[in-house]
Amino acid sequence: TVNYSTATVSNGSNDSRATADVDYVSVSGSVKISANQSSVMVPITIKADDTPEIAEFFVIELTSVLLANSSAPLPPVLGNATSALIEIEENDDARGVLAFSVNRNSDGTIHVDEDIGTFHLTVKRTRGLFGDISFSWSVSSGTTTGSGGDFIRSPGSLNLKAGEKEKNILVGITNDNVPEIAETFGIDLISTTGGARLGSDTKVTFTITQNDDANGRFSFDPLSQVVSVAESMNATDPSGVARLTVHRARGTFGTVELDWDVELAGKD
């Protein structure tokens with residue numbers, strides 16, 4: 001009969017020490033090895049939880065050995081290897097799960113005005129916070145003129161230290177004086193290092209809202225603001241029709257309709 005018991009490790013950090021009856025079932029027990037039998041299994045139970053943890057360790061020690069037939073001339077003895085180190089592997093996303101943390105509009109995109117300057121796109125680290133990690137992203141131009149034209153942000157990567165929960169990608173929006181309708185571009189999280197993984201929200205689409213009078217500014221031609229017309233001689237007399245020119249300045253996107261009113265400015 002071989003007696004054994006579990007025990008905590010005496011060295012290493014607290015994070016790497018498995019806790020008895022939390023991470024594993026502590027036990028003191030014995031196994032019997034029959035005549036002509038060379039080995040036997042010792043059952044150890046690892047407990048499941050939902051707590052992110054790095055690799056943790058505990059030991060199992062052989063404490064004594066007894067011979068069932070006590071009349072044997074030579075009792076059995078323990079050998080040199082009387083303890084074994086057991087590793088509970090890193091689990092439950094100990095290094096973290098990375099995903100965007102951002103509010104979207106009803107169309108599923110992030111709306112930004114052209115004059116916003118810089119948008120802080122937050123990448124949040126959930127689950128475990130162990131170790132230094134990094135993440136990388138890519139940029140797609142969509143309907144914009146690309147990085148440097150309508151927005152400023154090239155593909156890149158950022159680092160998070162152990163315990164750090166979030167990082168911001170700084171997305172610069174170019175404020176120009178060019179009339180433009182709404183345009184879109186995208187940013188995708190594409191990879192991680194340090195043992196972290198990507199979560200479910202890894203793609204965002206930005207909409208730069210319509211700007212700089214994209215549909216135009218409308219006014220009368222200064223030369224036609226004061227128009228003299230002859231009095232009509234009859235209902236079909238073309239000389240009695242005032243013709244005023246409306247100018248469309250700035251953007252020319254879209255088909256527009258103009259309404260007008262006629263006001264009586266004065267009479268004899």
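Where is Glu114 found, in terms of strands E6 and E7? It sits in the loop between strand E6 (110-112) and strand E7 (118-126). The model discussed here is predicted.

**Glu114, a buried charge**

Glu114 is buried, yet it has no salt bridge. The nearest side chain of opposite charge is that of Arg250, 7.5 Å away. A salt bridge needs a nitrogen-to-oxygen distance within 4 Å. Which residues does Glu114 contact, leaving aside its neighbours within four places in sequence? The list is Ile173, Thr174, Asn175, Asp176, Glu180, Ile208, Asn211 and Asp212.

**Salt bridges**

How many salt bridges does the structure hold? There are eight. Three of the pairs are set out below.

| Pair | Closest N to O distance | Citation |
|---|---|---|
| Arg127 and Asp50 | 3.1 Å | salt bridge |
| Arg104 and Asp201 | 2.8 Å | salt bridge |
| Asp213 and Arg250 | 3.9 Å | salt bridge |

Take the salt bridge between Arg127 and Asp50. Arg127 lies in the loop between E7 and strand E8 (133-140), and Asp50 in the loop between strand E2 (28-31) and strand E3 (56-65), so the pair ties together parts 77 residues apart in sequence. Arg127 is partly exposed, at 35% relative accessibility. Asp50 counts as exposed, at 55%.

Next comes the salt bridge of Arg104 with Asp201. This pair links distant parts of the chain, 97 residues apart. Arg104 is in the loop between strand E5 (97-100) and E6. Asp201 is in the loop between strand E13 (197-198) and strand E14 (203-208). Both partners are partly exposed: Arg104 has a relative accessibility of 31%, and Asp201 has a relative accessible area of 22%.

Arg250, the residue named above as the nearest opposite charge to Glu114, forms a salt bridge with Asp213. Asp213 lies in the loop between E14 and E15, and Arg250 in the segment after E16, so the pair ties together parts 37 residues apart in sequence. Asp213 is partly exposed, with a relative accessible area of 29%. Arg250 is also partly exposed, at 33%. Which residues are linked with Asp213 in a network of salt bridges? They are Arg217 and Arg250.

**The largest pocket**

The largest pocket has a volume of about 250 Å³. Its lining is made up of Phe218, Ser219, Phe220, Leu244, Val246, Leu258, Asp259 and Trp260. Which strand gives the most to this lining? Strand E15 (residues 217-220) does, with three residues. By class, the lining divides into six nonpolar residues, one polar and one charged. The charged residue is Asp259, because Asp counts as charged. The polar one is Ser219, because Ser falls outside both the nonpolar and the charged groups.

**Gly240**

Gly240 is found in the loop between E15 and strand E16 (246-249). Is it buried or partly exposed? Gly240 is partly exposed, with a relative accessible area of 25%. Not counting residues up to four places away in sequence, Gly240 touches Ala230 and Ser232. Ile187 is 53 residues from Gly240 along the chain. The C-alpha atoms of these two residues are separated by 61 Å.

Technical notes. Residues are numbered from 1 along each chain as its sequence is written. This is a predicted model: local features need pLDDT of at least 70, side-chain atom pairs count only at pLDDT 80 or more; totals for chains, interfaces and linings use all residues. Side-chain values use heavy atoms; hydrogens and water are left out. Helices (H or I, at least four residues) and strands (E, at least two) are DSSP runs, numbered from the N terminus. Buried means under 20% relative accessible area, exposed over 50%, partly exposed in between (1.4 Å probe, protein chains only). Lys and Arg count as positive and Asp and Glu as negative; His and the chain ends are not counted. Contact means heavy atoms within 4.5 Å. On a 1 Å grid over the protein atoms alone, a cavity is a set of points where a 1.4 Å probe fits but cannot get out, and a pocket is an open set with protein on both sides within 12 Å along at least five of seven lines; lining residues have an atom within 4 Å of a point. Grid points are joined across faces, edges and corners, and a volume is the space filled by probe spheres set on the points.
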